[in-house]
Structures are given as C-alpha cells and as structure tokens.
There are 2 protein chains.
Amino acid sequence: MGQAAPVSTNHQEKLERLLELSAEIFADKGYHNTSIRDIARASGVSLAGLYYYFRSKEELLFRIQERLLRTVLDDLRRRLDDVHDPRERLRIFVHSHLRVFAQRRPAMKVLVHEYDSLTGEHREHIRALRHEYMETCLGILRDVRRFCGSGDAVVLRVAAFALFGMMNWTYTWYRPEQDVSVERLAEQLYRLFLGGFLRSGDAGRHLDRCAEPLGPGDAPWRS
Amino acid sequence: MGQAAPVSTNHQEKLERLLELSAEIFADKGYHNTSIRDIARASGVSLAGLYYYFRSKEELLFRIQERLLRTVLDDLRRRLDDVHDPRERLRIFVHSHLRVFAQRRPAMKVLVHEYDSLTGEHREHIRALRHEYMETCLGILRDVRRFCGSGDAVVLRVAAFALFGMMNWTYTWYRPEQDVSVERLAEQLYRLFLGGFLRSGDAGRHLDRCAEPLGPGDAPWRS
DNA sequence: CGGGGGTTCGAACGTCCGTTCGGTGCGCAA
DNA sequence: TTGCGCACCGAACGGACGTTCGAACCCCCG
C-alpha cells in the first residue's frame with residue numbers, strides 16, 4: 001500500500017494520488033472496513049489533513065467511482081467514434097471496458113463492489129453514469145441484433161447484464177500478471193458472448209451431433 | 001427485515017431463523033456496516049443472547065455462507081445424478097445454480113459479495129467449498145468440449161469464470177418478481193453461454209453476412 | 001518587513017462497536 | 001423439594017470510529 005510519496009506540488013496531483021491510494025485500500029479491505037486513519041497512515045497525511053481534500057469519507061468513495069466511470073465512458077466514446085460495423089463496435093466495447101479495468105484494478109473493484117455503499121446524491125450521480133453506460137451497451141447490442149440478425153429468444157436486457165457479468169466478474173479472479181493478457185481475455189469474452197448472442201435464436205440446432213460419454217464407468221463428472 | 005417471530009421451540013429452528021434474518025440484513029446493509037445490535041433489534045433477541053448461538057459476528061457470516069454453499073452443492077449433485085449427456089449436464093448446472101440463488105436471494109448476495117470479509121479458517125473453509133463447485137463446473141465444460149466438439153480458442157478457465165460471472169452478477173439486477181421467471185432466465189443464460197462456447201473456435205465465420213448501418217445519419221449509437 | 005491565504009496538524013468530541021460478565025428464570029430429573 | 005443445565009438477558013468495558021476545532025506553518029504579494 002506504499003509509503004508517503006516524495007513530493008507533488010500541484011494540488012490536483014496530490015488529490016489524485018490520494019484517490020489512487022484510497023482506492024487501493026478500499027479494494028483491499030472494503031469501504032466500511034477501512035478507516036480514515038488507515039488512509040492517513042498509508043498516505044503520510046495527517047488524519048485532519050485529509051479533510052482538506054474531502055468533505056467526508058463517502059465523498060472520497062464517490063470521487064473514486066466517478067473518476068473511473070468518466071474514464072471508462074470517455075475512453076469508450078473516443079474509440080467508438082467513426083466505427084460503424086456493429087460487431088466491431090461490440091468488440092471495441094468489450095476491449096475498452098476490460099482494458100481500463102485491468103489498468104485500474106483497485107478503482108474498478110471499488111466501482112463494482114462498493115456501489116451499495118453510496119447514499120443519497122452520491123449514489124444517484126453514479127447511478128446516472130452507470131445508466132448512461134448501460135444504454136450505450138444496449139444500443140450496440142440492438143444494432144448487432146438488427147444488422148447481424150440474431151434471434152430474439154434472449155431478452156436484450158438479459159444479454160446486456162450477462163455481458164456485464166462476464167466482464168465485471170473478472171475482478172474476482174483475473175490477474176493480468178499471471179493469466180492471459182488483457183487483449184486475449186477481452187477477445188475470448190467477446191467471442192464467447194457474440195457466438196451465444198448470434199446463435200441464441202436457434203440454440204440446439206447445431207448441437208444435434210453431440211456425442212455422449214459411454215456410462216458411469218467412464219464418467220468424468222465424479223470428483 | 002421483519003419483526004420477531006412468534007415461537008420456535010426447537011434450537012435448530014431458532015438458529016436457522018437467525019441465519020436467514022441475518023442474511024437479509026447483511027445483504028441489505030453489507031457485513032461491515034451491520035452491527036450485532038441491528039440483528040438483535042430485528043430478531044427480538046437481546047444483544048448478549050445472540051452470543052449463545054454464535055461465537056462471533058464472523059462465525060455468523062461464515063455459517064450463512066457455508067449453509068448456502070452446501071445447499072447449492074447438494075442440489076446440484078442430486079440433479080446431476082444419472083444424467084450423462086454433457087449439454088444436459090451443463091443445462092442442469094445453470095438451472096440449479098440460478099434456482100437456488102433466486103430462492104435464497106439474501107444469502108446468495110452475502111455469499112458472492114462478502115467472501116472477502118471472511119478471514120483465517122473461515123475463509124479457507126469457504127474457499128475449499130467454492131473450489132469444489134468450480135471443479136464440478138470445469139468437469140462439465142471439459143465434457144461438453146470433448147464430446148460436443150467446441151474449439152479450444154477459449155481457455156476453459158476463462159469460460160468457466162465467464163459463466164460464473166453471468167450467473168452471479170444477477171444479484172445486482174435480477175428481481176424474480178418483476179423480471180422474466182427464473183426458468184426463462186436460466187434457459188437464456190444457458191443458451192447464451194453454450195452458443196458462444198461451442199462456436200468460440202471459429203468465431204467470425206458465421207458473421208460474414210453481417211449487414212451494416214448506412215452512416216452517421218442513421219447512427220443509433222449516439223445517445 | 002508585514003500579513004494573508006492556502007495547507008497541514010495535534011488533540012479532542014461524542015458515538016457506536018464487538019464482546020464479556022454475572023446473573024436470572026425455567027423445565028426437568030432425582 | 002432440591003439442584004442442575006439450558007436459554008437468555010442488562011449492563012458495562014475498552015477501544016475504534018468519523019468528524020471538528022483552533023492553531024500553526026509556509027510561501028508569495030505588497
């Protein structure tokens with residue numbers, strides 16, 4: 001969790017360093033299990049000194065989430081610009097999401113894990129940004145369905161949440177250092193989802209020639 | 001969150017009622033943000049009285065998670081018994097998981113959301129049960145791949161976590177009362193996953209005839 | 001050299017936390 | 001009737017929590 005950094009004159013830099021550091025601690029211990037004193041200790045700033053940068057502990061949590069969410073939205077919008085092919089747009093969506101999430105692991109864990117910890121206006125603000133992101137995703141999926149002709153056996157909303165689930169769940173298991181690279185991960189999840197999304201209308205048709213194990217003797221499902 | 005229940009003579013019944021009630025509160029407020037006093041108030045049992053049933057707050061959390069995990073594992077084993085077809089086994093896996101999760105929503109949120117809150121032996125114990133469940137899932141996916149011939153472009157581990165992500169993420173959005181039924185949800189997620197899993201080896205092949213929107217004027221992705 | 005604003009701090013406030021202690025009442029066996 | 005163990009409770013302990021207050025520091029403008 002690191003020691004106090006050498007110097008950073010600019011106010012904004014100090015603030016962002018505190019956000020980054022706090023995100024690490026929140027991700028590690030959980031928001032409600034982290035005390036302002038923990039953050040003070042890790043940052044080298046005094047307890048009272050922190051309150052010069054944040055009005056409250058919850059505002060600190062809010063700023064972490066808002067910052068990452070804006071990054072995600074900006075990155076996505078920039079990369080989607082002037083791309084028209086629906087599949088490619090979906091591919092970009094998945095890659096963008098996972099790239100940012102891998103680059104900012106602590107903040108992303110806080111974003112997906114500590115949304116419930118927000119209250120009142122903070123929560124409402126984040127909810128609105130999340131909603132915007134979700135709408136973008138739904139728009140892309142609608143285009144894929146319309147122009148690439150997937151069936152409509154799967155409710156779009158369910159498909160979108162399934163995709164978010166696949167991507168966001170990575171915070172529980174994916175470690176960029178010891179797993180496949182982010183690009184390969186993103187490509188695999190993209191293909192996994194797209195294949196199912198496009199084929200979901202006629203599921204079972206291409207499965208007819210599925211072989212079958214011989215019997216209990218050969219059974220590989222008994223642990 | 002409910003009032004104190006009328007009566008329940010048996011010790012085991014009282015204990016399970018406390019587990020169920022605590023799960024609701026933990027799910028609602030989060031483990032670290034819930035006090036034993038909250039549980040005492042909601043259950044009608046005195047603060048000290050709770051410690052007759054549990055050695056500590058963490059043991060309470062542990063029992064909730066262990067109980068649900070054993071239910072999930074038992075339900076799955078029972079339903080997989082004497083089913084050999086790999087696709088059908090996968091289908092049963094998804095349905096079983098989501099059915100139990102929908103039946104016990106509070107406990108399932110606690111299970112997926114508060115694993116990090118466990119420490120020491122409690123955590124290790126739950127980790128082992130989770131591992132067992134994951135191995136069962138991997139076994140099923142291995143069979144599907146072997147006998148139904150999906151490619152191996154997607155690492156099995158990634159596919160398994162993607163599936164878990166799709167299913168577990170439901171706790172953030174799925175409400176059985178106002179969404180599609182659990183059976184339909186399970187069927188959709190099953191098809192979504194299986195389609196992608198079987199087709200992941202040759203992604204793109206069946207996408208060649210994908211149409212394309214006309215241009216920025218028609219662009220549906222601009223919100 | 002004087003002073004004012006941006007920045008940081010030590011110390012304290014009031015509250016709530018998990019847990020423990022010493023009991024009390026009750027039902028049942030002897 | 002006595003005694004014992006199960007089920008439960010009121011009250012308290014020591015500590016940690018988020019937040020605030022008033023003062024100090026330091027740099028730049030005059």
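How far is a phosphate oxygen of DNA strand C from an N or O atom in the side chain of A:Tyr53? The distance is 2.6 Å. The legends below describe a predicted model, in which local features need pLDDT of at least 70, side-chain atom pairs count only at pLDDT 80 or more, and totals for chains, interfaces and linings use all residues. Residues are numbered from 1 along each chain as its sequence is written, chains are lettered from A and ligands numbered from 1 in the order in which they are written, and side-chain values use heavy atoms, with hydrogens and water left out.

**View 1. Polar contacts to the phosphates of DNA strand C.** A polar contact is a pair of N or O atoms within 3.5 Å; within protein, one must be able to donate a hydrogen and the other to accept it, and residues adjacent in sequence count only if both atoms are side-chain atoms. Besides A:Tyr53, the side chain of A:His11 places an N or O atom 3.3 Å from a phosphate oxygen of this strand. From chain B, a polar side-chain atom of B:Lys57 is 2.9 Å from a phosphate oxygen of DNA strand C.

**View 2. The protein surface near DNA strand C.** The strand is surrounded by 18 residues, where near means that a heavy atom of the residue lies within 4 Å. The closest are A:Ser46, A:Ala48, A:Tyr52, A:Tyr53 and B:Arg37. Of the strand atoms that come within 4 Å of the protein, 53% are sugar and phosphate. At least two residues each come from helix 1 (11-29) and helix 3 (47-50) of chain A and from helix 2 (36-43) and helix 3 (47-50) of chain B; helices are DSSP runs (H or I, at least four residues) numbered from the N terminus. The surface has 8 nonpolar, 6 polar and 4 charged residues, with Ala, Val, Leu, Ile, Met, Phe, Trp, Tyr, Cys and Pro counted as nonpolar, Asp, Glu, Lys and Arg as charged, and the others, Gly among them, as polar.

**View 3. The protein surface near DNA strand D.** Here 17 residues lie around the strand, and A:Tyr51, B:Lys14, B:Ala48, B:Tyr52 and B:Tyr53 come nearest. Sugar or phosphate makes up 58% of the strand atoms within 4 Å of the protein, and bases make up the rest. A phosphate oxygen is 2.7 Å from a side-chain N or O atom of B:Lys14. Backbone atoms also take part: an N or O atom of A:Lys57 lies 2.9 Å from a phosphate oxygen, and a polar backbone atom of B:Ser46 is 2.8 Å from one. Helix 2 (36-43) and helix 3 of chain A, with helix 1 (11-29) and helix 3 of chain B, each give two or more residues to this surface. Its residues divide into 8 nonpolar, 6 polar and 3 charged.

**View 4. A stacked ring pair between the chains.** The structure holds 18 aromatic pairs over all chains, defined as rings of Phe, Tyr and Trp (its six-membered ring) with centres within 6.5 Å; planes under 30 degrees apart count as stacked, over 60 as edge-to-face and the rest as tilted. A:Trp173 and B:Phe161 are stacked, at 4.5 Å centre to centre with 5° between the planes. A:Trp173 sits in the loop between helix 8 (156-168) and helix 9 (182-199) of chain A, and B:Phe161 in helix 8 (residues 156-168) of chain B. Both residues are buried, that is, under 20% relative accessible area (1.4 Å probe, protein chains only).

Key:
Buried < 20%, exposed > 50% of the residue type's maximum accessible area, 1.4 Å probe, protein only.
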